[in-house]
Amino acid sequence: MKPPHDMGGNPAEPVIPDKPDEPKFDEAWHRRVLGITIAVGAMGGWSIDASRYARESLPRSDYKKFSYYEKWLGGLTNLLFQRGFISKNEIQSGHGESKSPLEWRERILSAKHVSASLAAGAPTRRQGAKPIFSVSQKVSVKLPSDTLCVPIGHTRLPHYISGKTGVIIKCHGVHVLPNTNAHFLGEHPENLYAVEFQARTLWEQSASSLDSVVVDCWESYLEQA
Amino acid sequence: MLLCRMPHDHDENHAHHLLPAEPALRVKALETILVEKGLLDQQAVDAIIDEYEHKIGPQIGAEIVAKAWSDPVFKSALLRDSEAVLHEAGLAGRQGEHVVVVENTTDIHNLVVCTLCSCYPWPLLGVPPAWYKSDAYRSRAVIEPRKILSEFGIDIPKSQSVRVWDSTAEIRYLVLPMQPEESIGLPVSELARWVTRNSMIGAGLPMKPADNQV
């Protein structure tokens with residue numbers, strides 16, 4: 001069964017473009033969730049991969065029902081709890097029972113460092129081995145379940161390209177592997193490739209033989225075709 | 001069969017259920033806990049909101065596009081190594097550390113999506129719009145891009161291919177739209193006003209400023 005966050009190719013409603021005067025945030029609390037998530041993330045307690053995994057690990061019913069920022073909030077709360085930053089009692093009572101260890105309190109993001117922190121970002125390129133595959137080479141894609149590092153773990157391989165054949169159009173260099181990093185098992189950087197799939201190899205009903213989809217795939221997601 | 005169970009389908013990991021049901025109260029409760037524990041500076045939260053509300057937005061990407069339209073040397077550098085060019089310009093921040101710029105031509109129309117979450121080039125376009133984050137867009141962009149484009153009022157000729165970029169990694173894609181004929185020769189500052197946010201995602205076209213909506 002496909003996890004709920006892996007949506008590519010699902011039947012769905014028409015897309016409703018936004019109106020010219022649509023606000024950046026629909027609700028005041030949306031902004032707050034954004035700010036809290038980024039500020040807490042800047043402490044360095046986890047990676048973007050762990051954050052994504054926390055959101056996609058929400059129970060299926062919550063994932064479907066929650067709006068974008070509710071998913072962020074649910075994922076953040078669970079991560080804070082699972083990593084031992086806050087306790088169940090604290091979540092239930094809505095109050096912090098004790099100060100966190102100084103080691104963490106010293107690492108929190110202060111207002112004067114916000115601009116620099118956002119501008120610096122968190123690059124994922126690393127030094128590493130030369131790529132195995134080259135541009136124009138045909139590759140086939142493994143099953144998402146074959147790329148997991150822990151049972152029911154995190155992968156960035158969408159089901160709709162599973163088992164399909166595509167062509168490498170670009171090597172992006174060596175990047176942190178989410179499949180391990182999301183589980184605090186290390187960065188294990190690998191070459192990352194842009195792989196182009198002809199739309200008709202993915203979807204029988206594709207409108208045009210000219211169309212294609214490009215998906216970024218880590219080396220361990222791919223095999224020589 | 002492991003796949004039938006979802007990750008963390010154990011109650012003990014779902015601490016979020018313990019928060020109040022009302023989302024606004026849920027946020028308030030979590031913020032209070034974090035502040036009381038010394039894990040959150042509320043002024044930092046305010047500063048982050050201010051950045052995304054007032055400073056970081058599609059006008060930044062629009063300036064890059066306008067410059068590429070009017071300076072062929074800049075354009076070829078941008079297409080060859082966008083990451084280096086944007087880094088040099090100080091625009092390689094959070095969620096845009098590794099950007100690839102893809103050019104629309106009469107042969108090819110590019111469209112960007114993230115089917116697995118909602119990855120988006122934040123330093124260039126700001127926070128993603130609701131439609132980009134919607135289940136409908138995430139589901140359909142890869143399977144019926146032409147139909148989605150028609151929902152945005154764009155009809156792609158049969159002779160033009162559509163290439164959809166699914167942002168599954170930390171590479172962020174920015175579309176360099178085709179420059180409208182009637183804007184050729186205008187100064188960069190004026191050109192930037194033709195560049196709509198949606199045109200840099202591939203879900204829109206540049207427009208004359210008066211008609212320019214999103």
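These legends walk through several close-up views of a predicted model.

**View 1. Chain A as a whole.**
Let's start with the overall picture of chain A, which has 9 helices and 5 strands. Going along the sequence, the elements come in the pattern α-α-α-α-α-α-α-β-β-α-β-α-β-β. The C-alpha atoms of the chain fit in a box of roughly 60 × 45 × 35 Å along the principal axes. Of the 225 residues in chain A, 52% are buried. Take the contacts in chain A between residues at least 6 apart in sequence: 65% of them link residues at least 24 apart.

**View 2. The two domains of chain A.**
Where does the domain assignment put the bounds in chain A? Domain 1 covers 28-120 and domain 2 covers 125-224. Their C-alpha centres are 29 Å apart, and the contact involves 9 residues from domain 1 of chain A and 10 residues from domain 2 of chain A. Together the two domains bury about 780 Å², with 54% of that on carbon and sulfur atoms. On the domain 1 side, look for Asp49(A), Arg52(A) and Tyr53(A): this trio supplies 59% of the area that domain 1 of chain A buries against domain 2 of chain A, more than any other three residues.

**View 3. Helix α2 of chain A.**
That trio, Asp49(A), Arg52(A) and Tyr53(A), also turns up among the buried residues of α2(A). The helix spans residues 48-56, and 8 of its 9 residues are buried, so the rest of the structure largely encloses it. Ala50(A), Ser51(A), Ala54(A), Arg55(A) and Glu56(A) are also among the buried ones. What do the buried residues of α2(A) pack against? In chain A, their neighbours are α1 (28-41), α3 (60-65), α4 (68-82) and α8 (178-181), and chain B adds β4 (171-176).

**View 4. Where chain B meets chain A.**
Now for the contact between the chains, which takes in 100 residues from chain B and 111 residues from chain A. The two chains bury about 9,100 Å² between them, 62% of it on carbon and sulfur atoms. Which residues of chain B lose the most area to chain A? They are Lys37(B), Leu39(B) and Leu116(B), which together account for 8% of what the chain B side buries.

**View 5. A sheet with strands from both chains.**
Here 7 strands line up in an open sheet, and the order is β5(A)-β1(A)-β2(A)-β3(A)-β4(A)-β3(B)-β2(B), with mixed pairing. At the edges sit β5 (222-224) of chain A and β2 (108-113) of chain B, each pairing on one side only. From one strand to the next, the twist averages 35°. Within the sheet, β2 (residues 165-175) of chain A and β3 (residues 190-198) of chain A are antiparallel partners, joined over 7 bridges. One spot to look for is Cys171(A), whose bridge partner in β3(A) is Tyr193(A).

**View 6. Two cysteines of chain A.**
How many disulfides does the structure hold over all chains? The count is 0. Cys171(A) has no disulfide, and its nearest cysteine sulfur belongs to Cys217(A), 12 Å away. Cys217(A) is likewise in no disulfide. Are these two residues buried or partly exposed? Cys171(A) is partly exposed, with a relative accessible area of 30%, whereas Cys217(A) is buried, at 1%.

**View 7. Strand β1 of chain B.**
This strand covers residues 98-103 of chain B, and 5 of its 6 residues are buried, so the rest of the structure largely encloses it. It runs parallel to β4(B), with 6 bridges joining the two strands. To find your way along the pair, look for Val100(B), which stands opposite Tyr173(B) in β4(B).

**View 8. Around Val35(B).**
The last stop is Val35(B), in helix α1 (residues 23-36) of chain B. It is partly exposed, with a relative accessible area of 28%. Leaving aside residues up to four places away in sequence, Val35(B) touches Leu40(B) and Gln42(B), plus Lys99(A) from the other chain. Val35(B) and Ile49(B) are 14 residues apart in sequence, and their C-alpha atoms are 17 Å apart in space.

Conventions: Residues numbered from 1 in each chain as written. Chains lettered and ligands numbered in written order. Predicted model: local features only at pLDDT ≥ 70, side-chain atom pairs only at ≥ 80, totals over all residues. Heavy atoms only, no water. Disulfide = S-S within 2.5 Å. Buried < 20%, exposed > 50% of the residue type's maximum accessible area, 1.4 Å probe, protein only. Pairing = 2+ DSSP bridges. Helix = DSSP H or I, 4+ residues; strand = E, 2+ residues; numbered from the N terminus. Axes fitted to C-alpha atoms, helices over the stretch in contact; angles between N-to-C directions. Domains from an automatic or database assignment. Contact = heavy atoms within 4.5 Å. Buried area = accessible area lost by both parts, 1.4 Å probe.
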